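Q: I have a model open and want to learn how to read it. Can we take the features one at a time?

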Amino acid sequence: DLLVVGSANADLVIGVERRPAPGETVLGSDLAVHPGGKGANQSLAAARLGARTALLARVGDDDHGRLLLETQRAAGVDTDGVLVGGAPTGVALITVDPSGDNSIVVSPGANGRLTPEDVRVAAPLLAAARVISVQLEIPLDTVAETVRGRGPDTRLVLNPSPPAPLPDEVLAACDPLVVNEHEARYILGEDAGEGPHAWAPALLALGPRSVVITLGAAGALVADSRTGSLDHLVSPKVEALDTTGAGDAFTAALAWRLGRGDDLREAAAFAVRVGAAAVTARGAQESFPTLEEVDAL
Ligand code: ADP
């Protein structure tokens, strides 16, 4: 039902007393290795909710790649579309200090080698999907090829993260474009205007059929060009332990529900609950809820 085209990374995390200054060496905690990357996060989040999900991604022929494949398979994700080799698995090197501030270096590795040709070869996967969800941790050409290769009835959900300038062809295909406040500001630039209620119509004017702006604890704003509606979906109040991956859980939930026939507002009302559940536990993939956990919220 859902195809995620995107990145798969190993997150290598070391706790430090102080992040190193240039030229400095500091000692840190034992290394923790977590499966991550926005693509792998989304496919795993959807599968944990019960969605039939496939992942189109590229990992290296190495231990990190095997970790990613195993965690996806264990969650029930169809990994036939995960290509292996060409470069080491993408890695995020993360140092985090006691106050929670972090410094991150990302090596895209194999994610940067997921090519438009890889997407063309995966045409049957694209054709079979009701919804395709993409992000920007893979080459923009590959995103554009995904947009072109989707079936006539396939809905496209794009989270432009990390934000980058988007071709009109890609913007026009988004239904919805899903952004957080930072991404909304980036895309709108100088003309952003004051606050999410101004951003939503400004984003729609760039071409997407619909727009979702996630607002952290405040939930999400949904704008649909077909109905002209602008709705605010409130997030349940929860004790936030760790917001890592909340946006990925939100987008995965939204994409899955759209594929099941929900309208945008219904899908977003479900997604804010999934996002809220994800912030009540630590980690990214470790924190993604099951349907039972969302219902219990
Ligand atoms: P991102 O992780 O991309 O920055 P947001 O911070 O907007 O995205 O979070 C995505 C979604 O996760 C929100 O729309 C909301 O449903 C949920 N969420 C995030 N932070 C909180 C919070 N503190 N309390 C409740 N829900 C939250």
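Q: How many residues surround the ligand, and which are the closest?
A: Keep in mind that this is a predicted model. Start with the shell, then pick out its nearest members. Here 18 residues surround the ligand. The closest are Thr214, Ala217, Ala246, Gly247 and Gly275.

Q: Which helices each supply at least two residues of that shell?
A: Map the shell onto the secondary structure. Helix H9, residues 246-259, supplies at least two residues of the shell, and so does helix H10, residues 264-278.

Q: How do the shell residues divide by class?
A: Sort them into nonpolar, polar and charged. Around this ligand, 10 are nonpolar and eight are polar. No charged residue belongs to the shell.

Q: Now the whole chain. How many helices and strands are there?
A: Count the elements, then look at the overall dimensions. The chain has 11 helices and 13 strands. Its radius of gyration is 18 Å, and the globule rule gives 19 Å for 297 residues. Those values are close, so the chain is as compact as a globular protein of that length. Along the principal axes, the C-alpha atoms fill a box of roughly 55 × 40 × 40 Å.

Q: Next, helix packing. At what angle do H1 and H2 pack, and how far apart are their axes?
A: Read the angle and the axis distance together. Helix H1 (residues 38-49) packs on helix H2 (residues 63-75) at about 20°, and their axes are 9 Å apart. Angles under 35 degrees count as roughly parallel, so H1 is roughly parallel to H2. The crossing of H1 and H2 is left-handed.

Q: Which residues make that contact of H1 and H2?
A: List each side. H1 contributes Ala40, Ser43, Leu44, Ala47 and Arg48. From H2 come Leu68, Thr71, Gln72 and Ala75. By class, the contact of H1 with H2 holds five nonpolar residues, three polar and one charged.

Q: How do H7 and H8 pack: at what angle, and with their axes how far apart?
A: Apply the same reading. Helix H7 (residues 181-188) meets helix H8 (residues 196-204) at an angle of about 50°. Their axes lie 11 Å apart. That angle makes H7 oblique to H8. H7 and H8 also cross in a left-handed sense.

Q: Which residues make the contact of H7 and H8?
A: On H7 they are Ala184, Ile187 and Leu188. On H8 they are Trp199, Ala202 and Leu203. The class count for the contact of H7 with H8 is six nonpolar, no polar and no charged residues.

Technical notes: Residues are numbered from 1 along each chain as its sequence is written. This is a predicted model: local features need pLDDT of at least 70, side-chain atom pairs count only at pLDDT 80 or more; totals for chains, interfaces and linings use all residues. A residue is near a molecule or strand if its C-beta atom, placed from the backbone, lies within 6 Å of it. Helices (H or I, at least four residues) and strands (E, at least two) are DSSP runs, numbered from the N terminus. Ala, Val, Leu, Ile, Met, Phe, Trp, Tyr, Cys and Pro count as nonpolar, Asp, Glu, Lys and Arg as charged, and the others, Gly among them, as polar. Axes are lines fitted to C-alpha atoms, for helices over the stretch in contact, and angles run from 0 to 180 degrees between N-to-C directions. Angles under 35 degrees count as roughly parallel, over 145 as roughly antiparallel, 65 to 115 as roughly perpendicular and the rest as oblique. A crossing is left-handed if the near helix is turned anticlockwise from the far one by less than a right angle, and right-handed if clockwise. Two residues are in contact if their C-beta atoms, placed from the backbone, lie within 7 Å. The radius of gyration is taken over C-alpha atoms; the globule rule is 2.2 Å times the number of residues to the power 0.38.
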